[in-house]
Structures are given as structure tokens and as C-alpha cells.
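The following exercises concern the fold and interior of one protein chain. Each task is followed by a solution that proceeds step by step.

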Amino acid sequence: MPRVYKPKNGFKQRIALDKAKMKQAVTAILGGLPIKASARQFDLPVMSLKRYYRKKQATDKDIEYGPVYGASSRAFTDEEERMLTEYVIKASKMNFGLTPSSVRQLAYQFAVANNKPLRKAEATSLSRGTSFNKHNVDKFYANLKAIQERFHFGPSDTWNLDETGTSTVQNPGNIVAEKGTKQASKATSAERGETVTTCCAINAAGGFIPPFMVFPRKNWQPRMINNCYPGTVGVTHPSGWMTTTNFVKFLEHFLHHTRYSVDRPCLMVMDNHESHVSVDAIRFAKANGIHLLTIPPHTSHKLQPLDRCVYAPFKLFYNRACNDWMTQRCGKTISIYEIAEFTNTAFTRAFTANNIRRSFEVTGIYPFNSNLFTEEDFLTSYVTDRPDPAEGQAAQQVPQEVELEAEQQIVQAGEPQAVQQEVEAGDLQAAQPADQMRNSEGIPTELKPAQQDLEAVDSTPRSTVASGQRRRRKPARYRSDDASESEPTKKAFPPATTSKLTTPTIKQETFLLPTVKKEPADGPIRLKITTPEEIRPFPKASPRKGTRKGRKRGETRVLTDTPVKQQIEEEHKVKQEKKLKKEMNQCKKARRKL
């Protein structure tokens, strides 16, 4: 049932404000009359009058002197809203639902009241989260700083290249549908399409070169780049991916538009893809003055300029172009021969000078900023941020002299030492050491608390402190006949029997004294609060293994430097020898079978 407000007894009910009186009162205040005097004169609440006075004082336009319930947020009348709702619902049921931008275009003369931005989490692999750590990022910036100090590259000579996939099946994005609908559909070209690799290059000055496209075909056809961006180059490969041969062709396409040489070098920042680090590509780049710098593996979402500010709007405009094409040509599907046209539309709108320059700024490449990322940015690698096993083993090997010295320091600090000795006599039980005396109250005088407790013990007599404590009653054989229960007695050794007593060892009993700590002058002592991390610790991966097998781990490096180039050539040579040896073994096995 709806809640009905019931006023309490003695409370004055709210009265409707007179808009004409409120306007006159505000005008009087603007004329110089005090607020309280104006409220008494027009019989209005002081706070309400003050609120409308502040509204009027903040603007020169006329304001509404009265409550407004939803009128300022409505853009359509009831009839117009009903017609627009029916149209949008009908379009969604036909599998041609309108996107939010299409709804805004349809109602461009009105304000869309329910336009709320949607944030969708982007899937981030574990490799990306763990590889983006301070060690890898600092190493990349160190390589970038070293090569910048050697050649002093300007913004027009600092480039970044990367590939992206353009598919024949577009991402429909968000659409406007009926509220409460569990599933909203939109028509796409196919369930699984073909992907064309588009490789682009940009520089820190806001420039770019025409795209380079790899089509998933074996033979080339000129119609693959119909209506493409001027200067676009297309090649083919059965997989549609970038390969070593095609990457060399891209470098040729890059030199054709930039005219770099050994006398006029440039810097190219890219990822560690297998086609980028091939021997042929490195030799071609070094011979033409192109210095290749790779970013750490799985860090392109933070250090790749094209991924930060350019490819996101490019994909958005590409999907919109596909949606428009599907709407205009109902019943037809998208093939690879239309991708160049969609790429042209998206490339023109996304590759703007502002987006490109901003992409280099947010990655710290140009202007150079090695302190761009904070400790919060590296929290993604906290789960797998573990020490090196070799360093851990070295830290565990502590010299014995250090341990003995630490023990001596603990003893000197005042920690009590427990003397435990065994008595191997017949009925001889735990006894008191001879040198440990008791006072009149029966409490050992030699047992002293820790040094920090001595400073906090109150000056109250021991009898008063221990009056509320129950004393441990001694066995009957250690009590004297004339001793009362209220007066503790001293322990005495039984008659010595040398025939049974082999070793005069004694086991000491421990007596705990109640300590009363003084409160500090500024207030009582605060108890320790259990933190959320103690209740539920953050996830942490298990320690690393000592050895690593499998493929060699990639890293950031300058590929065109002579030591790195020679190392890659040697690795390539060993790899080719292994491949040749494997092929020869296979040929021998085939001959034996024949």
C-alpha cells in the first residue's frame, strides 16, 4: 500500500505559497528591504523567501516563483512521447532498432530526457594486468630516453604503428528498446564474418599515413580497395594477418610517404609481434634510418598511442558506417569488398590531429614523461608482484653470528628467562630454586616482569593487588601442619635421598603477577582495530618457480641497435638450423617407409 503522510499533533501543516506574494517580496528585497522584514510584511517563510531571492540574484532572467514538479525536465508532450515510443518499439521488434544517436537525430528539435550514458567494463586479460608493472614501464622509458638523447627526434619524427581488425560483422552497440525487455536484437551481416587487418601509423605532431590493409585472400583483386582512403595499399594473405613479408611491404609503404633516410632518421614505437621483430624487417629499417623501439609485452592498453585515443573512435565510426549500410540495403550482407569503404569513412573522422596528439601525451612518449603513471596504476600487477626466487633464498640464509647477536639483544632488553630442569627422583615434584626467596605474602621476589611492564605497574601493595585473585593451593605434602589456608606457606624440599637423586636438577614453576597499567594523560588506551585486509586479505599468487620453460619472454628493446640486432640474427640462425634438421629427419623417415 502507498505510504500516507500523517502529520503529528502540534505541527503546523504546510501551506501553498502565493506566487504573486513571493514575487513582490523578492522585488522588495532587491529594492533594499531586509529579508526578515519582507517575510513579516508578506507573511511568507523566511527560508523559502531567502531561497527564491538567491535564485533571482544569480540570474537576470525571470524565474518561476513556485514549486516545479518535473516540468523543467520534460521535452515532449504526452502525445509526442507516445508516438516516439511506439516508433522505437516497433523498429526494435523488426530487428532494426535505433541507436541512441539515431533517436537523437530523429528528435533533434527536442531534448532527450532519458539519455543516460552506459559504461561497459572492458575485458582485460590476466597477462595485461600483470605485465603492466613498474619494472617493465621504467625499462621502456629508459630505452626511450636513451634513444631520444642520441638522435633528438622531434614530434614529426616520433611515430607509432599498430594493427587492428575490421570485420564484416559489425558490433551493433546499444539500442533503445521497450523498458523491461529481456533481450533486444539488432540485425548484423552474419554470425561469423571475415576479418581484414588494417595497419596504421601516426606521429606526435598529429600526422598520419594512409592505411595498409591485409585481406584474407590468396590472390589480389583491385575491387578490394574500392572507395578506399586515397593512398591506401592492399595486400593478401590466406589468414588475413600481418606476416613478415607483408610487414616489410608496410615499411616500404611508410617510406614512400615519409621519405626518411639514414641522414634523416625517425623513431617507430610498436609492439612485440612476431612479424615486427623479424630479421628482414630489422635490416630494412636500419638501412633506411628507421629506429624500431618495442613496448613491453601486454602493455599496449597503456603505452600504445593508437590504442589509447585513436582506435576506439575508429571502431565506433566503423560500426556506425556498417549499421547505416545495412539499413539502406536491407536483405544484403557485408563482404570484404565493402570494408575499404567503411574504413575510409571511419578513418576520416577518427584520425584527427587532436586525437593523435593526445594519444602521445597520455602515454608519456611525447612530450616525454616517465612519471606519468602512479602507484595506483600499477595495482593491477599486485596479485603477481612477487620477489625473485634467487633473492628470496639469499635473504633466508642468515649467518649464525647474526642470530646469536639478536638473541643476546633480546635477553638484554629484559625478557624473562624460564629455567626448566628435570627432577628424576621418586616422589620429588616441581620445587622452588634455593636462591629464589619469597616475601611475607608468599610471592617470589626474583621473578620480575618485562621492562615495559615495570614502568606501568601501580604502586599499590602486592597484597591489595592480589587480593581479588585466587591463589593456587599447594599440595598437602608441601604444606606445614600449623599453616592456615589464608596464609601461604613456603615450599620446602623433602629429605634428600642421594641413592635416588642422580642429578640435582630443578623444574621452576611460573608465577604470573597481575599488572595494572596506568592510563596516559591524554586519555585511555585505544584498542587495536581489525582492518578489512586482515579479515579478507587481497588475493596473492603463489611464489614463482625457480625455472621457466617454454617460449622466451619478450621485453622492451631497441631492435635496430647493433647488439640487439646481432642477437636476433643469431637466434634466427639457430631456429632455421633446427627447422632444417627437422625437415631432414622427416625426409629420412619417409624414405625408410618406402
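**Exercise 1. Describe how strand β2 is covered and paired.**

Solution. Strand β2 is mostly covered, since eight of its nine residues are buried. The model is a predicted one, and the assignment below is read from its coordinates.

Step 1. On one side, β2 pairs with β1 in the antiparallel sense, over nine bridges. Within this pairing, Gly165 stands opposite Thr197 in β2.

Step 2. Strand β2, residues 195-203, is also joined to β3, residues 212-215, by three bridges, and these two strands run antiparallel. Here Cys199 is found opposite Phe212 in β3.

Step 3. A helix completes the surroundings: α11 (residues 305-328) lies across β1 (158-167) and β2, and its direction makes an angle of about 35 degrees with β1.

**Exercise 2. Determine the strand order of the sheet and state which strands stand at its edges.**

Solution. Step 1. The sheet is open and consists of six strands, in the order β4-β3-β2-β1-β5-β6, with mixed pairing.

Step 2. The edge positions belong to β4 (233-236) and β6 (290-294); each has a single partner strand, so one side of each lacks a neighbour in the sheet.

Step 3. On average, neighbouring strands of this sheet are turned by 25 degrees against each other, direction ignored.

Step 4. As a general rule, the strands of a sheet pair through backbone hydrogen bonds, in either the parallel or the antiparallel sense.

**Exercise 3. Is Leu251 buried or exposed, and which residues does it contact beyond its sequence neighbours?**

Solution. Step 1. Leu251 belongs to helix α8, residues 244-258.

Step 2. The relative accessibility of Leu251 is 0%; because buried means under 20%, Leu251 counts as buried.

Step 3. When neighbours within four places in sequence are set aside, Leu251 is in contact with Ala281 and Phe284.

Step 4. Leu251 and Ile290 are separated by 39 residues in sequence, while their C-alpha atoms are 9.1 Å apart in space.

**Exercise 4. Locate Ser381 and establish its environment.**

Solution. Step 1. Ser381 is placed in the loop between α13 (353-362) and α14 (389-396).

Step 2. With a relative accessible area of 6%, Ser381 falls under the 20% cut-off and is therefore buried.

Step 3. Residues up to four places away in sequence are not counted; Ser381 then touches Gly129, Thr130, Phe132 and Asn133.

**Exercise 5. How many cavities of 30 Å³ or more are there, and which residues line the largest cavity?**

Solution. Step 1. The count gives one cavity of 30 Å³ or more. The largest cavity holds about 40 Å³ of space.

Step 2. Its lining consists of Asn95, Phe96, Gln170, Lys186, Ala187, Asn323, Met326 and Thr327.

Step 3. By residue class, the lining of the largest cavity divides into three nonpolar, four polar and one charged.

**Exercise 6. Summarise the whole chain in terms of secondary structure, burial and contact range.**

Solution. Step 1. The secondary structure of the protein chain comes to 19 helices and six strands.

Step 2. Of the 594 residues in the protein chain, 31% are buried.

Step 3. Among contacts between residues at least 6 apart in sequence, 71% join residues at least 24 apart.

Notes. Residues are numbered from 1 along each chain as its sequence is written. This is a predicted model: local features need pLDDT of at least 70, side-chain atom pairs count only at pLDDT 80 or more; totals for chains, interfaces and linings use all residues. Side-chain values use heavy atoms; hydrogens and water are left out. Helices (H or I, at least four residues) and strands (E, at least two) are DSSP runs, numbered from the N terminus. Buried means under 20% relative accessible area, exposed over 50%, partly exposed in between (1.4 Å probe, protein chains only). Contact means heavy atoms within 4.5 Å. On a 1 Å grid over the protein atoms alone, a cavity is a set of points where a 1.4 Å probe fits but cannot get out, and a pocket is an open set with protein on both sides within 12 Å along at least five of seven lines; lining residues have an atom within 4 Å of a point. Grid points are joined across faces, edges and corners, and a volume is the space filled by probe spheres set on the points. Ala, Val, Leu, Ile, Met, Phe, Trp, Tyr, Cys and Pro count as nonpolar, Asp, Glu, Lys and Arg as charged, and the others, Gly among them, as polar. Two strands pair if DSSP finds at least two bridges between them. Axes are lines fitted to C-alpha atoms, for helices over the stretch in contact, and angles run from 0 to 180 degrees between N-to-C directions.
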